[in-house]
Amino acid sequence: MFEFLNKKSEAPLVCAMFNYKNNPMAGFHIPGHYRGQGVLSDFRKLVGDDVLKIDTTDEFDNLGTLHPASGAIKEAQEVAAKCWGAKRTFFVTGGSTVANLALAFSMTSPNDELLIGRNCHRSVLTGLIISGAKVNWLIPKKLNDWAIFGNIEPNDVEDKLKNNRNIKLVWITNPTYEGVISDIEAIAKICKKYKAALIVDEAHGSLWNFSAQLPNCALNYGADAVVHSLHKTGGSMTQSSMLHLSKNSCFDENKVEHALKLLHTTSPSLLLLTSLDAARAHLSSQEGKQQLQNAIDNAKYFRQEAKKIKGLSVLEGNIDITKLFIKINNLTGLQLEYILEHDYNIEVESASDEGVLLLSNLGNSREDFVYLINCLKDISSKKYDITQKNVKIMPLEDPEIVMNLREAYFAPKEYISKEQAIGRISSEVIALCPPGISILLPGEIIKKEHLPYLFNYDKLEVIKE
Ligand SMILES: Cc1ncc(COP(=O)(O)O)c(C=O)c1O
């Protein structure tokens, strides 16, 4: 019945979906297009018959339910938990955004004090608007030459926890978007010493479990919860993520599950859930391991060849080597992105003030990297005369928060021009995605230093005086 799998237990949900697709029943339920019969025929051509045949939600077709987990969905989550060495793994169809919201919603309460990396994703902050918990900032090292955040120093975590014994939870993003690694082993030990729980947002590290040449997953260091955006680099479909609780997690799994249930859609896509099962099975398979090895080798090849190009630098150090943050002398990141896209037909992951981020992915070939290197050689040999507005992407300012996030979010507000807003208190979360790091938060004083980042905004939402 299965094309590549030897037994059902290798990928329970993939197998259940094969079964469902191959044994159609007469259906009188949601989704109303009924296996693709009721859609625009050009749309069917676009996505293919099979995608529509398996577009269904839970509770139907004996495939199981997500909340509470049952059937093949439950089995797939259990296999994933085993694969990552977790006590419990939850599949999430709203990305790591929903995973972070659920952790904040279930594990923090109004006025709890938390320690959070300044470079956290905006979903963490949105979660705290829901819960009402209070933020203490942990400022990562600033890599000023690259205009990005670097690692978080364990000593800084210890100082904060020593000086504020009310802090109950530490929340770290690791790796950073550009791949910089913090010493999670040391940070986890410090958290244990001060009886603070540890969440690691490992959204960009979902491949780490599958190669000894990549950093160690925080679950192995005893982080209480870890979030993985499998869809970012792990090969699952866009919006699908996993939330793991470690073997000795101090978090109550029922509370996390309850929060996920409240925050999730009540119609989770089986296609997305199945893609999580498939991605985990693929990364565990010989073929997947080989693809990951190729991605690592391609990244090494790129780093080696890049050294030979005059004026080109690649971010090195304690880093996930598959993330290639590069810059070229005399070009900003946005300019380099523009040239790569328009002159060379290359789409990058993102561009920032100084550089451009490229990923060495499971799906890339060596030829892709040979082409990229040749293009970069060409670019470095040319002189460009590009004028561009003074826009900034990566906010490195230390936020001055004067009100609780939740109170500020729900306070009476008004909209005024951004120039008039200097000195006022923001009542909204503003963050460019990617990387989703906040430029302004509810309760934060707006300063003139913010203005270059707010190039998309004429008016800002501030608290009424
Ligand atoms: C560190 C980090 N956490 C969480 C998220 C949210 O992930 P998702 O896009 O899967 O909702 C992102 C997205 O970019 C991220 O960079």
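**A walk through the chain, from one bridge outwards**

Let us start with a single pair of residues: Val314 has Ile326, in strand 11, as its bridge partner. Before going on, note that you are looking at a predicted model, in which local features need pLDDT of at least 70, side-chain atom pairs count only at pLDDT 80 or more, and totals for chains, interfaces and linings use all residues. Residues are numbered from 1 along each chain as its sequence is written. Helices (DSSP runs of H or I, at least four residues) and strands (DSSP runs of E, at least two) are numbered from the N terminus.

Back to our pair. Strand 10 and strand 11 (residues 323–328) are joined by 3 bridges in the antiparallel sense; two strands count as paired if DSSP finds at least two bridges between them. They belong to an open sheet of 4 strands, with the order 10-11-13-12 and antiparallel pairing. Strand 10 (312–314) and strand 12 (350–351) are the edges, each pairing on one side only. In general, the strands of a sheet pair through backbone hydrogen bonds, either parallel or antiparallel.

For a parallel example, turn to strand 7. Strand 6 (residues 167–173) runs parallel to strand 7, and 5 bridges join them. One place to look is Val170, whose bridge partner in strand 7 is Leu198. Strand 8 (residues 225–228) also runs parallel to strand 7, joined to it by 3 bridges, and here Ile199 has Ala225 of strand 8 as its bridge partner. Strand 6, helix 8 (residues 184–193) and strand 7 together make a right-handed β-α-β unit. Right-handed means that, with the strands pointing away from the viewer, the path from the first strand over the helix to the second runs clockwise.

How enclosed is strand 7 (residues 197–201) by the rest of the structure? It is largely enclosed, because 5 of its 5 residues are buried. A residue is called buried if 20 or more other C-beta atoms lie within 10 Å of its own, exposed if 12 or fewer do, and partly exposed in between, with C-beta atoms placed from the backbone. Ala197, Ile199 and Asp201 point one way from strand 7, while Leu198 and Val200 point the other way, and all are buried.

Now step back to the whole chain. The domain assignment gives domain 1 (71–284), domain 2 (286–380) and domain 3 (405–463); such bounds come from an automatic or database domain assignment. The C-alpha centres of domain 1 and domain 2 are 27 Å apart. Between these two domains, 21 residues of domain 1 are in contact with 20 residues of domain 2, where contact means C-beta atoms, placed from the backbone, within 7 Å. On the domain 1 side, helix 11 (residues 270–284) gives the largest share, 3 residues.

There is also a ligand to find. It is surrounded by 15 residues, and the closest are Gly95, Ser96, Thr97, His121 and Ala203; a residue is near a molecule if its C-beta atom, placed from the backbone, lies within 6 Å of it. Helix 5 (residues 95–107) supplies the largest share of this shell, 4 residues. Where does the ligand lie with respect to domain 1 and domain 3? It lies between them, because both give residues to the shell around it.

On the domain 2 side of the chain, try Tyr301, which is found in helix 12 (residues 286–306). Tyr301 is partly exposed because it has 15 C-beta neighbours inside 10 Å. Leaving out residues up to four places away in sequence, Tyr301 touches Arg366 and Phe369. Although Tyr301 and Phe369 are 68 residues apart along the chain, their C-alpha atoms are separated by 8.1 Å.

Finally, some backbone details. Most residues other than glycine have a negative phi, and most peptide bonds are trans. Now compare a few places in this model. A cis peptide bond, with omega about 0 degrees, joins Ile30 and Pro31, and Pro31 sits in the loop between helix 1 and helix 2 (41–47). Another cis bond joins Asn174 and Pro175, with Pro175 in the loop between strand 6 and helix 8. Arg35 is not a glycine, yet its phi is positive, near 55 degrees. Asn345, in the loop between helix 13 (333–344) and strand 12, has a positive phi of about 60 degrees. Asn345 counts as exposed because 9 other C-beta atoms lie within 10 Å.
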